[in-house]
Amino acid sequence: MIDASYIYGLIGGLIIGLAGAVYLLGNGRIMGASGVIGGLVDGSGRAEWRDRALFIASLVAAPWLAVTLLDIEARTNITSNPVVLITAGLLVGFGARLANGCTSGHGVCGISRLSLRGIAATVFYLFAGGVSVLLFKHVLGVI
Amino acid sequence: MRGLIAATSGALFGIGLLISGMVDTNRVQGWLDIFGDWDPTLAFVLGGAIIPMAIAWRVSEYRKAPVAGGTFPLPLEQKVTTDLAVGSMIFGAGWGLAGLCPGPSFAALSFGGWEGLLFVGSMIGGMLLAVPARHFRNSMA
């Protein structure tokens, strides 16, 4: 059985890969969300702040435009528990910067380059993510 | 030129994340929930994204320079460091807890409500905390 969400996942994935290809072949940069954002907020990417800001602005604006113009109901199903949101946000931001990448940089751009670091990072965060859901959902029941 | 390329890439990234369903925290947590109602969608997203990206890496080997000038990323750094392992585990723990990572959290900012904003604000805080943590680590080494 092929679920429609798998097809959307594949198409969306191809577009995400295309975005990374444009960034690499156009600007010679690796499209990693935590790197683009992190370099802007901590000042380490000051030299390219304009490119970074434009990338992020489009990343926010394009889905907004699509949702508004096509009248799609986009759902995040995000939790309303502020403690969960703050804790998760701190962990995601801190961890991604310490590891020098997240799902886009290490996952998409790293694995496609057969980077040992990218593959290792992906194994580590998938493992930790699985344990996290097991713990917080099934054991503690907070999510 | 560089700005236009960055904006195009950001827009494609955002649309791809929206279409793929990765802005939905249930899908991400469903993928990680191997003991619950497992959702394999994320594998299709990652698999799909790797195809154009792998082609782009190959193409970059045959080109002297990127279209807008400059240089391609340095040859592969292969060292799996403690920072990479620990950082990825911390990141993964937060990713599972909220079902959001940096890209989708920004792509969903316009419709994610105050919850999405609080997550992004906390994530930026975490990114800023990583700076002194790295300095501290380097001073110990």
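**Exercise 1. How much area do chain B and chain A bury between them, and what share of it lies on carbon and sulfur atoms?**

Solution. This is a predicted model.

- Step 1. Start with the general idea: an interface's size is often given as the accessible area lost when the parts come together.
- Step 2. Read off the total. Chain B and chain A bury about 9,100 Å² between them. Of this, 77% is on carbon and sulfur atoms.
- Step 3. Find the main contributors in chain B. B:F13, B:W57 and B:L97 lose the most area to chain A. Together they make up 8% of what that side buries.
- Step 4. Count the residues. Chain B gives 104 residues to the contact, and chain A gives 101 residues.

**Exercise 2. Describe the side of chain B that touches chain A.**

Solution.

- Step 1. List the polar links. Between chain B and chain A there are 23 residue pairs in polar contact, with both residues at pLDDT 80 or more. Three salt bridges cross the interface.
- Step 2. Name the helices. At least two residues of this side come from each of α1, α2, α3, α4 (82–98), α5 (102–107) and α6 (113–140) of chain B.
- Step 3. Sort by residue type. This side has 65 nonpolar, 29 polar and ten charged residues.

**Exercise 3. Classify the aromatic pair of A:Y6 and B:F44, then the pair of B:W31 and B:W38.**

Solution.

- Step 1. Know what to look for. A pair of aromatic rings is described by the distance of the centres and the angle of the planes. The structure holds seven aromatic pairs over all chains.
- Step 2. Take A:Y6 and B:F44. Their centres are 4.8 Å apart, with 10 degrees between the planes. Planes under 30 degrees apart count as stacked, so this pair is stacked.
- Step 3. Locate both rings. A:Y6 is in helix α1 (residues 4–27) of chain A, and B:F44 is in helix α3 (residues 41–62) of chain B, so the pair joins two chains.
- Step 4. Check exposure. A:Y6 has a relative accessible area of 16% and is buried. B:F44 is partly exposed at 30%.
- Step 5. Take B:W31 and B:W38. The centres are 5.5 Å apart and the planes differ by 35 degrees, a tilted pair. B:W31 is buried at 16% relative accessible area, whereas B:W38 is partly exposed at 42%.
- Step 6. Add the cluster. A:Y23, A:F55 and B:F13 form one aromatic cluster. B:F13 also appeared in Exercise 1, among the residues of chain B that lose the most area to chain A.

**Exercise 4. Which salt-bridge partners does A:E48 have in A:R52 and B:R2, and where do they lie?**

Solution.

- Step 1. Recall the principle. Side chains of opposite charge can pair when their charged atoms come close. The structure holds ten salt bridges over all chains.
- Step 2. Pair A:E48 with A:R52. The N to O distance is 3.4 Å. A:R52 is buried at 11% relative accessibility. A:E48 is partly exposed at 22%.
- Step 3. Pair A:E48 with B:R2. Their closest N and O atoms are 3.9 Å apart. B:R2 lies in helix α1 (residues 2–20) of chain B and A:E48 in the loop between α2 (33–41) and α3 (49–69) of chain A, so this bridge joins two chains.
- Step 4. Widen the view. A network of salt bridges links A:R29, A:E48, A:R50, A:D51, A:R52 and B:R2.

**Exercise 5. Is B:D39, the salt-bridge partner of B:R27, buried or exposed?**

Solution.

- Step 1. Confirm the bridge. The side chains of B:R27 and B:D39 meet at 2.5 Å, N to O.
- Step 2. Place the residues. B:R27 is in helix α2 (residues 25–32), and B:D39 is in the loop between α2 and α3 of chain B, twelve residues apart.
- Step 3. Compare with the cut-off. Buried means under 20% relative accessible area. B:D39 has 12% and counts as buried. B:R27 has 23% and counts as partly exposed.

Terms used
Residues are numbered from 1 along each chain as its sequence is written. Chains are lettered from A and ligands numbered from 1 in the order in which they are written. This is a predicted model: local features need pLDDT of at least 70, side-chain atom pairs count only at pLDDT 80 or more; totals for chains, interfaces and linings use all residues. Side-chain values use heavy atoms; hydrogens and water are left out. Rings of Phe, Tyr and Trp (its six-membered ring) pair if their centres lie within 6.5 Å; planes under 30 degrees apart count as stacked, over 60 as edge-to-face and the rest as tilted. Helices (H or I, at least four residues) and strands (E, at least two) are DSSP runs, numbered from the N terminus. Buried means under 20% relative accessible area, exposed over 50%, partly exposed in between (1.4 Å probe, protein chains only). A salt bridge is a side-chain nitrogen of Lys or Arg within 4 Å of a carboxyl oxygen of Asp or Glu. Contact means heavy atoms within 4.5 Å. Buried area is the accessible area (1.4 Å probe) that two parts lose on being put together, summed over both. A polar contact is a pair of N or O atoms within 3.5 Å; within protein, one must be able to donate a hydrogen and the other to accept it, and residues adjacent in sequence count only if both atoms are side-chain atoms. Ala, Val, Leu, Ile, Met, Phe, Trp, Tyr, Cys and Pro count as nonpolar, Asp, Glu, Lys and Arg as charged, and the others, Gly among them, as polar.
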